[in-house]
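Student: I'm new to this one and would like to go through it step by step. Let me look first, and then I'll start asking.

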2 protein chains.
Amino acid sequence: MMKKRPTITDVARHAGVSKASVSYVLNDVKKVSQSTKERVLMSIEELGYEPDFTAVSLTRQRSQLIGIILPLVNQSIAHVMRENTYYNEMISAVEQRARESGFDVLLTGLSRPEHYRTWVHKRKLDGLLFFGLFPKEIYDEMRSIDVPAVLIDTYEEHTDRYPSVNIEDEKGAYLATCHLAELGHSRILFTGTNLHNPVEHYRYTGYERACKEAGIQPMNPVETPHSHSFLSGYEAAERVSATDATAVFCTSDIIAQGLIRALYERGIRVPDDLSVAGFDDIHSSRYSIPSLTTIRQQIQLKGDAAAGKLLEAMKGGSPEPEVLDVSLIIRESTAPPDIGSASQ
Amino acid sequence: MMKKRPTITDVARHAGVSKASVSYVLNDVKKVSQSTKERVLMSIEELGYEPDFTAVSLTRQRSQLIGIILPLVNQSIAHVMRENTYYNEMISAVEQRARESGFDVLLTGLSRPEHYRTWVHKRKLDGLLFFGLFPKEIYDEMRSIDVPAVLIDTYEEHTDRYPSVNIEDEKGAYLATCHLAELGHSRILFTGTNLHNPVEHYRYTGYERACKEAGIQPMNPVETPHSHSFLSGYEAAERVSATDATAVFCTSDIIAQGLIRALYERGIRVPDDLSVAGFDDIHSSRYSIPSLTTIRQQIQLKGDAAAGKLLEAMKGGSPEPEVLDVSLIIRESTAPPDIGSASQ
DNA sequence: TTGTAAGCGTTATCAA
DNA sequence: TTGATAACGCTTACAA
């Protein structure tokens, strides 16, 4: 027969005190004498008592649970996170930080805004981490209930209300484009997912600025229909190769890698015939052939920072928004234009 | 002023019935008349009532929560899942299936076995999914508490007690090795992480069987010190190239890709100088250069199957263990040995 | 078929 | 400094 695990009542009885007193020492409420405190602690130890989170949640109206929310596409979060190890690093970092602070992490996809509200309530979630951009109504809902949240990779006006963690998107694109221009490219193409997405937009802005400073004409951007994925890059190849670009800046490594593959199949060599730069510096970019010139963002640091801010906000603080630095990592996928074969 | 969200008491009052009746219709207990059922349903609708999970958890002693457990290395799950999109697909699939069944997913790393026990209890977890192999003590703990669990990628004796989901590891390695042998290779190297891991062991067995059938001599396997990662493959290159192998079978795509990269840096061409096959068929293997010949396992199906079995076990069923099929995907990284340069 | 009331394991309010 | 005791929101015998 399995012995039931001890409750606070058992501890109280064992220590010869009331439940209240046990609760006091558990929660470090001052009004306990040293002697009873010791007795209680001993009993806890002896019985192997651990407080029950669901009971605590019920009375305290908080759960020690934080939720990571990913966009749902086709009823699944797979479409977003399937191929991109960006999420692996983010999630790992958040999980670690949360666990160290006594929180558990709930991972979920979110479709309809109204679901979200009840979900937060039903679970009494203490805090939320939004990975990426969500429909506007979600943020409105958020405001109406009153739960701490941190927005990651979002530039909406909502950022004013909630702490956010971003990276220097504009600068990243700028650095990459400058690098390409400095190599001597004057036909540089921008390839991203959707310029209406603010992150993409800012990157485009950085691209434009670099072009301007280099005195070259921005080209018509190539937008891919899907999200950041190999396929997006792969399918972009047709439109890319229809241009006279000698260099391409992609807004994610995953797109760049898909693109490079498709170019390879068309006999277009990278970087000999075309230079390609990415964004993110996911692990694989170091190992791909050619290895990818890219903009490094410190993904784990980002996840850790986001979790940290959420923890702070949950304690009642008002953490500042944070914008993390990025840097250019030059690898094999970019080179000077091939003067021989290229025009101009 | 924020209006409090309605409780079951509010609904009862609104409908002019008792809390019990509301609970009955909520939980589909038969003994409710059509008329009251309708009244209650209307009130629920009108008030926008949603049951509170923490309260339900407390009385029912179950949480509608399932836990995904990953091995912790260095206090972080990052080391395991950082680079490998295998986990992205698994987690996505589990999350989707769970969500559709009204469960939420808790993601956590697990270090010390004793932590695990209290964690399950504190959260009243309904079920557990173990991703990969854990120290033996964990399974012992599991048995002592009584929580449904499904083991993934584990061949321990524990599998007898718990439903498991595996793939045909032996067959996969066999297929890959056969493919290499059929191409004409007779010096085929096995590269994996650690032959003491049962999954690796079975793959080695398949490799051996294929060698035997092809009448070739198995070579001394190369074991990498780390887990499945680019670096493992990358670092294996030195030992691989020190052999006279003309083909290598790696036990994961991620290792294969790391290896190919390192070989590339050493001027060893794949597949011209050396053929390389992987295992898993993660998305990137389709897009790498060269694209990777590999053993496809249906990762999402696997995650879905695991979640399904757990759901079944939680309902009191005893799901059968399942072994999913694998298949050979031939791509660019394997080719006949270069008779010109190779010996023999 | 419906209602009453006793839990579930905590925390928190008041007296003592 | 302590201890009853009433919440917290729900489920479930047991009565009616």
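Student: How far is a polar side-chain atom of Tyr24(A) from a base oxygen of DNA strand C?

Tutor: Before the number, keep in mind that this is a predicted model, in which local features need pLDDT of at least 70, side-chain atom pairs count only at pLDDT 80 or more, and totals for chains, interfaces and linings use all residues. Residues are numbered from 1 along each chain as its sequence is written, chains are lettered from A and ligands numbered from 1 in the order in which they are written, and side-chain values use heavy atoms, leaving out hydrogens and water. For Tyr24(A) and that base oxygen of DNA strand C, the distance is 3.1 Å.

Student: Okay, and which residue has a backbone N or O atom 2.6 Å from a phosphate oxygen of DNA strand C?

Tutor: Phosphate oxygens of this strand meet both side chains and backbone. On the side-chain end, an N or O atom of Ser23(A) is 2.7 Å from one. The backbone atom at 2.6 Å belongs to Ser33(B).

Student: What share of the atoms of DNA strand C that come within 4 Å of the protein is sugar and phosphate?

Tutor: Start with the surroundings: 28 residues lie around DNA strand C, with Ile8(A), Ser23(A), Thr59(A), Tyr24(B) and Ser33(B) the closest. A residue is near a strand if one of its heavy atoms lies within 4 Å of it. Among the strand's own atoms within 4 Å of the protein, the sugar and phosphate share is 58%.

Student: Which helices each supply at least two residues of the surface near DNA strand C?

Tutor: That surface has twelve nonpolar, ten polar and six charged residues. Both chains contribute, each with two helices, and helices here are DSSP runs (H or I, at least four residues) numbered from the N terminus. They are H2 (19–26) and H4 (53–60) of chain A, plus H2 (19–26) and H4 (53–60) of chain B.

Student: Now the other strand. How much of DNA strand D within 4 Å of the protein belongs to sugar or phosphate?

Tutor: DNA strand D is also surrounded by 28 residues, the closest being Tyr24(A), Ser33(A), Ile8(B), Tyr49(B) and Thr59(B). Its surface divides into twelve nonpolar, eleven polar and five charged residues. Bases make up the rest of the strand's atoms within 4 Å, and sugar or phosphate accounts for 62%.

Student: Which residue has a backbone N or O atom 3.5 Å from a base nitrogen of DNA strand D?

Tutor: Let's take the phosphates first. A polar backbone atom of Ser18(A) is 3.0 Å from a phosphate oxygen of DNA strand D, and a side-chain N or O atom of Asn27(B) is 3.3 Å from one. The base nitrogen pairs with a backbone atom of Ala55(B).

Student: In chain B, which C-alpha is nearest the rotation axis?

Tutor: Chain B falls on chain A with an RMSD of 0.2 Å after a 180° rotation and a 0.1 Å shift along the axis, using a least-squares fit on C-alpha atoms of residues with pLDDT of at least 70 in both. So the copies are related as by a two-fold rotation axis. At 2.3 Å from that axis, the nearest C-alpha in chain B is that of Leu106(B).

Student: Which residues touch the most other members of the largest nonpolar core?

Tutor: A nonpolar core is a set of buried Ala, Val, Leu, Ile, Met, Phe, Trp, Tyr and Cys residues joined through side-chain atoms within 4.5 Å. In soluble globular proteins, nonpolar side chains tend to be buried together. Beyond four places in sequence, Phe131(A) touches residues including Ile68(A), Tyr87(A), Met90(A) and Ile152(A). Out of the core's 139 residues, the ones touching the most others are Phe131(A) and Phe131(B).

Student: Is Val270(A) buried or exposed?

Tutor: Val270(A) sits in the loop between helix H12 (253–265) and strand S9 (275–277) of chain A, and a cis peptide bond with omega of about 5° joins it to Pro271(A). Buried means under 20% relative accessible area, exposed over 50%, and partly exposed in between (1.4 Å probe, protein chains only). At 12%, Val270(A) is therefore buried.

Student: And Asp28(A), buried or exposed?

Tutor: Asp28(A) is in the loop between H2 and helix H3 (34–47) of chain A. Though not a glycine, Asp28(A) has a positive phi of about 60°. Because its relative accessibility is 61%, Asp28(A) counts as exposed.

Definitions and conventions:
Contact = heavy atoms within 4.5 Å. Polar contact = N/O pair within 3.5 Å; in protein donor to acceptor, adjacent residues only side chain to side chain. Nonpolar A, V, L, I, M, F, W, Y, C, P; charged D, E, K, R; others polar.
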